[in-house]
Amino acid sequence: MTSFEQRVITLFSVVHPLDRIARAGYVVRGVAEPESVSAHSHFVSLLALLVLDECPQFDREKVLSLAIIHDLSEAKLMDIPMPYADAYLKDAKDTAEQMIIEELFAGFDSRYAQYHQEFLDLASSEAKLVRGLDKVQLILKILFYEREHRGYLEEFWKNPGNFNDYGIEIVSRLFDALCQKAGKIRPV
């Protein structure tokens, strides 16, 4: 087995491009220089940190781990916009993402791969929270991009899937506040 140091270097050699992989959903909608996958994950992690202070019933370590790792597989798979992933890839994308996470974390604690599978399966309240915060971060970014007159983003406000709160009250409240701030009606 390789040393811890070598495993860390190997992991980062794979994931380091995430700061240059643009979020593709924005690219196809005309947003010049959109956020990177790394920036997105950072903001989801920050949201999770703040929500955990407000909602201490969630397992803090699991939520923060999920927020940090949830999109690491995109270093190999790239960012595939949801409408296309759902329409053409269905379960294949989830399977590929899980395989990549397992490869990335081989030699590290197995809980990271287990957490990621929970995230894909929505198998815990923590997974549902992070999935919801992933969507909240999307809508936050849409709000700010629109204020900067970047891209053609109105369709995001009309897609109920972008407002899935996964039954988590704080996520629902955040969506309601964002819609109110934007002067939009939350789709159902």
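In this predicted model, helix 8 (residues 111-121) has a good share of its side on the inside: Tyr-112, Ala-113, Tyr-115, His-116, Glu-118, Phe-119 and Leu-120 are buried. Those buried residues pack against three partners, namely helix 4 (60-69), helix 7 (91-104) and helix 9.

Take the helix 9 partner next. Two packed helices are described by the angle between their axes and the distance between the axes. For helix 8 and helix 9 the angle is about 70° and the axes are 8 Å apart, so the two helices are roughly perpendicular to each other. Helix 8 passes helix 9 in a right-handed crossing. On the helix 8 side the meeting residues are Glu-118, Phe-119 and Leu-120, and on the helix 9 side they are Ala-127, Val-130 and Arg-131. Sorted by class, this contact has four nonpolar and two charged residues, with no polar ones. Glu-118, Phe-119 and Leu-120 also appear among the buried residues of helix 8.

Helix 9 (residues 125-147) also packs against helix 3 (residues 37-54). What angle do helix 3 and helix 9 make? It is about 115°, with the axes 9 Å apart, and the crossing is right-handed. Helix 3 brings His-40, Phe-43, Val-44, Leu-47, Ala-48 and Val-51 to this contact. Helix 9 answers with Leu-129, Val-130, Leu-133, Asp-134, Val-136, Gln-137, Leu-140 and Lys-141. By class, that makes 10 nonpolar, two polar and two charged residues. Val-130 turns up in the contact with helix 3 and again in the contact with helix 8.

Now for the loops. Most residues other than glycine have a negative phi, and most peptide bonds are trans. Leu-122, which follows helix 8, has a positive phi near 55°. Leu-122 sits in the loop between helix 8 and helix 9. His-149 also has a positive phi, near 55°, and lies in the loop that runs between helix 9 and helix 10 (154-158).

A third loop residue, Ile-80, is found between helix 5 (74-77) and helix 6 (82-89). The C-alpha atoms of Ile-80 and Ala-24 are separated by 6.3 Å, although the two residues are 56 residues apart along the chain. Leaving aside neighbours within four places in sequence, Ile-80 is in contact with Ala-85, Leu-89 and Lys-93.

Here is how the three loop residues and the two cysteines discussed below compare with the solvent:

| Residue | Relative accessible area | Class |
|---|---|---|
| Leu-122 | 27% | partly exposed |
| His-149 | 73% | exposed |
| Ile-80 | 22% | partly exposed |
| Cys-55 | 9% | buried |
| Cys-179 | 3% | buried |

That leaves the cysteines. How many disulfides does the structure hold? The count is zero. A disulfide is a covalent bond between the sulfur atoms of two cysteines. Cys-55 is in no disulfide, and the nearest cysteine sulfur, that of Cys-179, is 19 Å away. Why is Cys-179 without a bond to Cys-55? The closest cysteine sulfur to that of Cys-179 is the one in Cys-55, and because the two are 19 Å from each other they are too far for a bond; the cut-off for a disulfide is within 2.5 Å. Both residues are tucked away from solvent, with Cys-55 buried at 9% and Cys-179 buried at 3%.

Methods
Residues numbered from 1 in each chain as written. Predicted model: local features only at pLDDT ≥ 70, side-chain atom pairs only at ≥ 80, totals over all residues. Heavy atoms only, no water. Buried < 20%, exposed > 50% of the residue type's maximum accessible area, 1.4 Å probe, protein only. Axes fitted to C-alpha atoms, helices over the stretch in contact; angles between N-to-C directions. Helix = DSSP H or I, 4+ residues; strand = E, 2+ residues; numbered from the N terminus. Left-handed = near helix turned anticlockwise from the far one by under 90°. Contact = heavy atoms within 4.5 Å. Nonpolar A, V, L, I, M, F, W, Y, C, P; charged D, E, K, R; others polar. Parallel < 35°, antiparallel > 145°, perpendicular 65-115°, else oblique.
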